[in-house]
Amino acid sequence: MATSATSKSRTSSFSRNLTAVPLSNMPGLKYGPNGTVFISSGIPDLDKILGGGFALGSLVMVMEDAEAPHHMLLLRNFMSQGLVHKQPLLYASPSKDPKGFLGTLPSPRSCKVDKDKSHDDDPEQEGLRIAWQYKKYFGEHQQTVDNTRDGKHEYCNDFDLRKPLERHFLSGQHIDCVSILHNSDLVALHDRCATFFTQFPRNDGSIASAGRIAIQSFCAPQCEYSNVEWHMLSFIRSLRSMIRSSNAVAVVTFPPSLLLPSVSKRWQHMADTLLSVRAIPDEDKELANLLTGYQDMVGLLNVHKVARFNTQVPVILDATTFSIKLQKRRFLVLECLNQAPIDSASGNSYGTSASCSSSSKTGTHLDF
């Protein structure tokens, strides 16, 4: 009897853990393994790379490039995705008017653009693009898309960088903009973040709402507190501690070139997900010969660390460096780097027809 009672209690406990995070009809959430809940980064390719997006309760840090503001692309898409999903937002910036930055946020791709993208080629091939076994579901899916304005209920949208976010996404939202330009310390920003987190307590029940915090250029030199490195490190530790017990995600960008190497390493260690962006020189002939599609690249994205909760299994990515491209000069795309052929005239690439052991009929000398 004792054995059966023990096994019964273990079974009920195991079942309760599986349902610790029940499914919710709230848009913008994705449930992953080990009870992890994700919100979208606003970039579909980045969500796939990270295994679903940004995990709730995680601190995401982005290392900026001093030569180009590519980190703003990630920050804009992250903020726009939250507003589309009606998720409260706290935005802190070293600018005088942080609310003016909201006017630069991109708008989600419309259904008409999706249709144009899928029918750019020969119209006669339209029927071949849709597998015959899915044709009966196409009408129902199309009706669902048409009834959803601008893809509100999608987990992740493609955002048009040339089209500003519509006003109805900004009206009636819980948006809090903070200027950290003239702050001599970080007490005020800490209190605003603590108040913001109280809206998203992490309980055993369903998730009622998810929040987003976006802090731009945290250690910008125009901020008065930028010289007090210990206060900035203490704020990051406190921010990470508060976000652990809430259903929110914080994205903090900072220029590591303005910090001491030891301080920058500490900041990177505090991040759950660590990314970095880097600009590509306009005329780098060596890099252009090494990579294919170099002319279409605007920068590089490096994934240094991926957040992992409730597990000790590390994440092993197939690639850690990705090219940042603008599809049709509108949509942000991340792609793996592809090595260019050795000889552009013959098209021979590494590992194909050219090798150390193979003999060359033309007698061409291979210079390694």
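**Walking through the structure from helix α10**

Pro-261, Lys-265 and His-269 of helix α10 are exposed (over 50% relative accessible area; buried means under 20% and partly exposed lies in between, with a 1.4 Å probe and protein chains only). This is a predicted model, in which local features need a pLDDT of at least 70 and side-chain atom pairs count only at 80 or more, while totals for chains, interfaces and linings use all residues. Residues are numbered from 1 along each chain as its sequence is written, and side-chain values use heavy atoms, with hydrogens and water left out.

Helix α10 covers residues 261–270, and its buried residues are Val-263, Ser-264, Trp-267, Gln-268 and Met-270. These buried residues lie on the same side of α10, because they cover an arc of only 160 degrees around the axis (taken from the directions from the helix axis to the C-beta atoms). The three exposed residues named at the start are on the other side of the helix. Helices (H or I, at least four residues) and strands (E, at least two) are DSSP runs, numbered from the N terminus.

What do the buried residues of α10 pack against? They pack against β4, α9 (229–244), β10, β11 and β12 (297–305), where contact means heavy atoms within 4.5 Å.

The next stop is β4, one of these elements. Five of the five residues of β4 are buried, so this strand is largely enclosed by the rest of the structure. Leu-59, Met-61 and Met-63 are on one side of β4, and Val-60 and Val-62 are on the other; both faces of the strand are covered. Strands pair if DSSP finds at least two bridges between them. Strand β4 runs parallel to β10, with five bridges joining the two; here Leu-59 stands opposite Ala-250. Strand β4 also runs parallel to β11 (residues 273–279), through four bridges, and Met-61 stands opposite Leu-274 of β11.

The strands β4 and β10 also appear in the walls of a cavity. Rolling a probe the size of a water molecule over the atoms shows where empty space is left. A cavity is a set of points on a 1 Å grid over the protein atoms alone where a 1.4 Å probe fits but cannot get out, and its lining residues have an atom within 4 Å of a point. How many cavities of 30 Å³ or more does a search of the whole structure find? There are three, and the largest holds about 70 Å³ of space (the space filled by probe spheres set on the points, which are joined across faces, edges and corners). Lining this largest cavity are 13 residues, of which Phe-54, Val-62, Leu-74, Leu-75 and Val-251 are the closest to its centre. At least two lining residues come from each of β4 (59–63), α3 (71–84) and β10 (248–254), and α3 gives the largest share, with four. By type, the lining holds ten nonpolar residues (Ala, Val, Leu, Ile, Met, Phe, Trp, Tyr, Cys and Pro), no charged ones (Asp, Glu, Lys and Arg) and three polar ones (the others, Gly among them).

Elsewhere there is an open sheet of three strands, paired antiparallel in the order β1-β2-β3. Strands β1 (30–31) and β3 (54–55) are at the edges with a single partner strand each, so one side of each has no neighbour in the sheet. Two bridges join β1 to β2 (residues 37–39), and Lys-30 has Phe-38 as its bridge partner in β2. In the loop between β1 and β2 is Thr-36, which is buried at 10% relative accessible area. Beyond its neighbours within four places in sequence, Thr-36 contacts Lys-30, Tyr-31, Ala-55 and Phe-309.

Two other loop residues have a positive phi although neither is a glycine. Ser-217, with a phi of about 45 degrees, is in the loop between β9 (211–215) and α9. Is Ser-217 buried or exposed? Ser-217 is buried, with a relative accessible area of 10%. Residues up to four places away in sequence aside, Ser-217 touches Glu-64, His-71, Pro-94, Thr-253 and Pro-255. Lys-328 has a phi near 55 degrees and lies in the loop between β13 (321–327) and β14 (331–336). Lys-328 counts as partly exposed, at 48% relative accessibility.

Note on methods:
On a 1 Å grid over the protein atoms alone, a cavity is a set of points where a 1.4 Å probe fits but cannot get out, and a pocket is an open set with protein on both sides within 12 Å along at least five of seven lines; lining residues have an atom within 4 Å of a point.
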